[in-house]
Amino acid sequence: MTVAQSLLRLALPALLILACQNVALADPPTDHSGAEEMPKAPYLLAGAPTFETTLINFRAQYNEANPTQQIGEFRSISDKSANSSLTRAASKINENLYASTALEKGTGKIKTLQITYLPIQGAEEKAARTLAISYMANLMRQFDATLSAPQSVAKVTSMIEKGKGQQFYKQEVGAVRFVISDNGEKGLTFAVEPVKLALAEP
């Protein structure tokens, strides 16, 4: 056996372990053309309620309110976990901006609505981030009609600052909670979800 073969025999188990780890921990591909890359919401509660609206109705209302910043049709995302009680779908807005949702299986009711920004570098970074925050603010206003456009932009910007580096940061407003999930280079997600209202003590 040569020295090279001996080294290879010693190194092979370690290389196999590293290869397996890379499969489990690999970042999503840099080509963001597929909605399958959308991250699952780590903050979505298993027993969370649903919105009393369909995805079709939400899109129609959103697009009517935001004619210059539309959300296209959502495309179903395959989920490999057979026991999942949710159906996931996403809509590509542009190369680094997506809308996504999780729907209750069977009823199709909305559990969460999300806008995810995949950060870019370079000259277009500022404009891309501004557009992402604008979409997030649009989504916020769909569920808090008391806010003006500048107020919603300011509120989203404030939440992004407070949630910087956190897996998720939330604020509740009535029967809705707004969530920021900061995954650094892997994406910044703004989500809207219904909350279960506790009954008042007698």
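**Salt bridges in a predicted model**

In this predicted model, the count of salt bridges comes to 4.

Biologist: What makes the contact between glutamate 52 and lysine 109 a salt bridge?

Modeller: A salt bridge needs a side-chain nitrogen of Lys or Arg within 4 Å of a carboxyl oxygen of Asp or Glu. The side chains of glutamate 52 and lysine 109 meet at 3.3 Å, N to O, so the pair fits that cut-off. This pair links distant parts of the chain, 57 residues apart, with glutamate 52 in the loop between helix H1 (3–25) and helix H2 (55–65), and lysine 109 in the loop between strand S3 (97–104) and strand S4 (110–117).

Biologist: Why is glutamate 52 called exposed, and why is lysine 109 called partly exposed?

Modeller: Exposed means over 50% relative accessible area, and partly exposed lies between that and the 20% under which a residue is buried. Glutamate 52 has 67% relative accessibility and therefore counts as exposed, whereas lysine 109 has a relative accessible area of 30% and is therefore partly exposed.

Biologist: How do you know that glutamate 95 forms a salt bridge with lysine 92, and why do both residues count as partly exposed?

Modeller: The closest N and O atoms of glutamate 95 and lysine 92 are 2.9 Å apart, and the rule asks for within 4 Å, so the name applies. Glutamate 95, at 47% relative accessibility, is partly exposed, and so is lysine 92, with a relative accessible area of 36%.

Biologist: What makes lysine 170 and glutamate 172 a salt bridge?

Modeller: Their closest N and O atoms are 3.8 Å apart, which is within 4 Å, so this pair also qualifies.

Terms used:
Residues numbered from 1 in each chain as written. Predicted model: local features only at pLDDT ≥ 70, side-chain atom pairs only at ≥ 80, totals over all residues. Heavy atoms only, no water. Helix = DSSP H or I, 4+ residues; strand = E, 2+ residues; numbered from the N terminus. Buried < 20%, exposed > 50% of the residue type's maximum accessible area, 1.4 Å probe, protein only.
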